[in-house]
Protein chains: 2
Amino acid sequence: MEFFKVLSLKESYELLQKQKIKRKVEEVELAKASNRILAQEIIAREDWPLAARSSMDGYALRAEDTFGASETNPAYLHFKGEILIDKPADFSLSSGECASIVTGGILPSGADSVLMVEHSERLSAELVEVRKAVFPGENVLLAGEDFKQGEVVFKSGTPLDFRQIGALATLGYARVKVFSMPSIGILSTGDELVEVSKKPEPGQVRDVNTYTLKALLTKYGFFARTYNFVPDDKEKLKEAIKQALAEVDVLLLSGGSSVGTRDLTLEVLKDFPGSEILFHGLALSPGKPTLMVRWQDKFVLGLPGQVTSAQVVLMVLGLPFLRFVAGEEGAFANPWPYKTRARLTRNIASKQGRFDFVRVKFDPETNTVTPVLGKSGLIKTLLLAQGLVPIADNLEGLLSGQEVEVWLF
Amino acid sequence: MEFFKVLSLKESYELLQKQKIKRKVEEVELAKASNRILAQEIIAREDWPLAARSSMDGYALRAEDTFGASETNPAYLHFKGEILIDKPADFSLSSGECASIVTGGILPSGADSVLMVEHSERLSAELVEVRKAVFPGENVLLAGEDFKQGEVVFKSGTPLDFRQIGALATLGYARVKVFSMPSIGILSTGDELVEVSKKPEPGQVRDVNTYTLKALLTKYGFFARTYNFVPDDKEKLKEAIKQALAEVDVLLLSGGSSVGTRDLTLEVLKDFPGSEILFHGLALSPGKPTLMVRWQDKFVLGLPGQVTSAQVVLMVLGLPFLRFVAGEEGAFANPWPYKTRARLTRNIASKQGRFDFVRVKFDPETNTVTPVLGKSGLIKTLLLAQGLVPIADNLEGLLSGQEVEVWLF
């Protein structure tokens, strides 16, 4: 068996970020662009708002006409007319005049601000009482205040959620170019595996990883196809990997938790002509035996066999990598987008030179995290955890009461 | 116009939680159960693990044979045989004996613990050196340690993510009963609306809400169908609502941001025979004009017209309600599952008697939140915010430096 340099988590990110990825681009309707990654630059084609608009129901007027106005010392303005939402006024305002306006209505020329309806009273057809001073620009969205024509609003590589979708709709992008999602496969290996529907014989376990890893990817926006598990047999494993790599861009291999079967996976992958072993072993706990192999434009990520360990590696390495393959800028710079900080309720020991992720329960009421106790391999530890606390490789542990980073699920 | 009691957010939760919902149940394959809500109780049909298993690669042995063993004072055990992962041993261990075992291997009778391979040396075919003491049960998952036969593992109403899916796979549930997802529709109203693909005339705006609300639901696991927007016209609105309610369980109506059109929506909904106005107006900011109407088994949630306000109401009221309709126990008890706490970087004023949600930026490095400044209605405030800070109705505001609750997006 050859020995490969054991990489730190950071080094593995750096190495992966250098990989050339062939990404396809497709154009989709905006309504279907949610959770996708932009594959084009988005430029504002016009000022938005197009013209100054009211952000309140009230009266458009000149701010200077209200200076000094109050409940006890109101000002009085001449009512010039009504401005509906979809029809700009066919009049302009002079000093001493006002016009009723609805939220979203276009400010008439001459007006510079809007008085909220609550601070006024319509005394007659002609007269409005003003009980509060407004400043110029108050309750008005100025032309171009959201976006200026020609402004780069989003760069290629931006993930799209409701916020970006809202901005794209505002800017008139009814269709956008996004990167095609990478196709992902999951293949579990192990002589001990049986179908979930079967009752295991002593020594056997149900194929938990395939389902758990698929569900984890679903939670974070990725679809994965699953393959039937294979035993720890060189020819069968080779055949299964070959078939999967004909169909998917990234294959997640889980299993091979004991030393012998880890070697088997490596041996099989080395037989793929031109395959490149990017790393085999990370200074990561759990996740030491993690394996990453590139073959042509495909990648195989070998995950630990224990489901609890496989989960951590898929989260801290697999998901940033999949987001990178999917075209997201900054996937490795911000490997976990759901970070927060909380206080530890007890000490956690760790080893220097190894990046640890500790499963924790999180209490948002007290903003504390508590390590989930329990032996490695217990499904209960998977069930109870709500996040991971990273312990950097230069630390010997974390102290009770310390505010620590939490990667929330 | 009639006046309805303005409810607090809490009262609106209580009222909604009392609604009788007709939920359908379907049975799905476990691989498709992710993000669904359980509609059955899950009981462990057997102890898990079935028998004591090793959680490490090493040697199965009797702990008492290792007491006092250390690097400088090793113990020596007789090698009895090898235990592979899928085949229980056909021998038992006596005092002074050990057997090699892989992770997941079944402990032979007579053994009570496992020594990690790192703390041993195989001196010969017959002899193993033991360099560390182990305690009884060390590195062993006991029979039934995860789940005991007959134990209720999940109640009906539990949402399923990768953790629950992992436990279900472990327990042999290849198919599970889940609640059918509610069908949801989105209908925007407003004379000012134009298609996203069109360039608005002065006073017009593109239909931003339909896309934003749909994308927001997508982010949180719900699919919504969208309807073509309608103008503020009683007959057209009635026809559109009627058509939508023939197809969906919950209709989100957005628009009617000005007083007149709010009344129009209410007027139309009152015309539906037997419709019940659950509330019209909440002591909530943004979200004061929120409307909830029940008609037969259907619900119409009227959201504010400004997209930034509609977003907040959909998050703080609409999503808990949809989770409740979808069958989730505790949807209102825990209205936002992505809560954390962070320190405010500046004061926020609020009004007593009104529940405020303030849009904030969140910095996970310093664990601080900063209010997003900007006029109501600016799309930029939608884009920049990463969470909401609630200000309870009995508070006059929050102070800079205070640790506050954050509802992270």
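## Two helices across the interface

Helices α3(A) and α2(B) are roughly antiparallel to each other, because an angle over 145 degrees counts as such. In this predicted model, their axes come within 8 Å and cross at roughly 165°, where axes are lines fitted to C-alpha atoms, for helices over the stretch in contact, and angles run from 0 to 180 degrees between N-to-C directions. The crossing of α3(A) past α2(B) is right-handed, a term used if the near helix is turned clockwise from the far one by less than a right angle. Helices here are DSSP runs (H or I, at least four residues), as strands are (E, at least two), numbered from the N terminus.

From α3(A), the contact draws on A:V208, A:Y211, A:T212, A:A215, A:L216 and A:K219, and these meet B:F162, B:I165, B:G166, B:A169 and B:T170 of α2(B); two residues are in contact if their C-beta atoms, placed from the backbone, lie within 7 Å. By class, this contact has 7 nonpolar, 3 polar and 1 charged residues, with Ala, Val, Leu, Ile, Met, Phe, Trp, Tyr, Cys and Pro taken as nonpolar, Asp, Glu, Lys and Arg as charged, and the others, Gly among them, as polar.

## The symmetry of the pair

Chain B is superposed on chain A by a rotation of 180° with 0.0 Å of shift along its axis, at an RMSD of 0.0 Å, the fit being by least squares on the C-alpha atoms of residues with pLDDT of at least 70 in both copies. That is the relation of a two-fold axis, and in chain B the C-alpha nearest the axis belongs to B:T340, 3.5 Å from it.

## The whole contact

Chain A and chain B each give 69 residues to the contact. On the side of chain B that touches chain A, α3(B) supplies the largest share, 8 residues, and that side has 29 nonpolar, 21 polar and 19 charged residues. Because 100% of the interface residues of chain B are also interface residues in chain A, the copies meet through the same surface.

## Confidence and conventions

The model scores ipTM 0.93 and pTM 0.94. Chain A averages a pLDDT of 94, and 97% of the residues score at least 70, pLDDT being the predictor's confidence in each residue, from 0 to 100.

Residues are numbered from 1 along each chain as its sequence is written, while chains are lettered from A and ligands numbered from 1 in the order in which they are written. Because the model is predicted, local features need pLDDT of at least 70 and side-chain atom pairs count only at pLDDT 80 or more, whereas totals for chains, interfaces and linings use all residues.

Note on methods
Parallel < 35°, antiparallel > 145°, perpendicular 65-115°, else oblique.
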